[in-house]
Amino acid sequence: SHLNASGCIIPAPGATSGLGYPYIWGTASTMWGGSGNVTTPTAVKSLWNMTAPVKEICVDWNTIHYIDSLGNMYGCGYNTFGEVGNGQEFVGKYNYSSWPSYSWTFTDYENPSGKPVQIGAGIKWKHLYSNNWFGFYKYAMDENDSIYSWGRNKSLALGNGLWNGYDGGE
């Protein structure tokens, strides 16, 4: 993350599958539903009520997403532009006090989603695409090799043919 949040998968001792459970650390603990400053890798299996090990996890600009061994995807984080994928967002609701002159200042730690929620229930997921240069977007592939995208769609960034905004300013 561009914030102080890091994560990894640690396989069980003796495991050869590469699957495991997440450990997370950093000061941005509300990003994953935690609290306080976590300075060492800390298991979140019980906090997240996990029942299946993780095969892929990514911590990017504002979010954490993972695919478990059953092909289910979960996401959490700071959800300003809907980048968690839970159907909610902060910007674009038109219910903030200064609307229509609201301009988001890219304030960090805004609108945390809490613990991970399932994304795309009923879809079996194969791969997550993540990098800090995606910023407020998320891309994932299902088991049939179809690509899904969600988050901020300014200037057609999601590739879904819909345009949400213009190229100058917020």
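Before anything else, one definition: a residue is called buried when its relative accessible area is under 20%, exposed when that area is over 50%, and partly exposed in between. With that in hand, we can look at Asp-145, which at 47% relative accessibility falls between the two limits and therefore counts as partly exposed. Please keep in mind throughout that what we have here is a predicted model.

Let me stay with Asp-145 for a moment, since two features come together there. Its place is in the loop between strand E9, residues 137–142, and strand E10, residues 147–151, and its phi is positive, about 70°, although Asp-145 is not a glycine. For those new to backbone angles, most residues other than glycine have a negative phi. The side chain of Asp-145 also meets that of Lys-126 in a salt bridge, with 2.3 Å from N to O. This pair links distant parts of the chain, for Lys-126 belongs to strand E8, residues 125–129, and the two partners are 19 residues apart. Lys-126, at 37% relative accessibility, is partly exposed.

How many salt bridges does the model contain? The count comes to 2, and the other pair is Lys-138 with Asp-60, whose side chains meet at 2.8 Å, again N to O. Because Lys-138 lies in strand E9 while Asp-60 sits in the loop between E4 and E5, this pair ties together parts that are 78 residues apart in sequence. Are these two residues buried or exposed? Both Lys-138 and Asp-60 are buried.

There is another positive phi to show you, at Asn-49, where the angle is about 55° although this residue is not a glycine either. Asn-49 is found in the loop between strand E3, residues 38–43, and E4, and at 59% relative accessibility it is over the 50% limit, so it counts as exposed.

Now to the interior. In soluble globular proteins, nonpolar side chains tend to be buried together. Here the largest nonpolar core has 18 residues, and those with the most contacts inside it are Met-31, Trp-32, Trp-48, Ile-64 and Tyr-66. Strands E2, E4, E5 and E6 each supply at least two residues of this core. A second, separate core of 9 residues includes Ile-67, Met-73, Val-84 and Leu-128.

Finally, let us look around Tyr-66, leaving aside its neighbours within four places in sequence: among the residues in contact with Tyr-66 are Trp-48, Met-50, Val-54, Ile-57 and Pro-116, and also Met-73 and Leu-128, two residues that we have just met in the second core.

Note on methods. Residues numbered from 1 in each chain as written. Predicted model: local features only at pLDDT ≥ 70, side-chain atom pairs only at ≥ 80, totals over all residues. Heavy atoms only, no water. Core = buried A, V, L, I, M, F, W, Y, C linked by side-chain atoms within 4.5 Å. Buried < 20%, exposed > 50% of the residue type's maximum accessible area, 1.4 Å probe, protein only. Helix = DSSP H or I, 4+ residues; strand = E, 2+ residues; numbered from the N terminus. Contact = heavy atoms within 4.5 Å. Salt bridge = Lys/Arg side-chain N within 4 Å of Asp/Glu carboxyl O.
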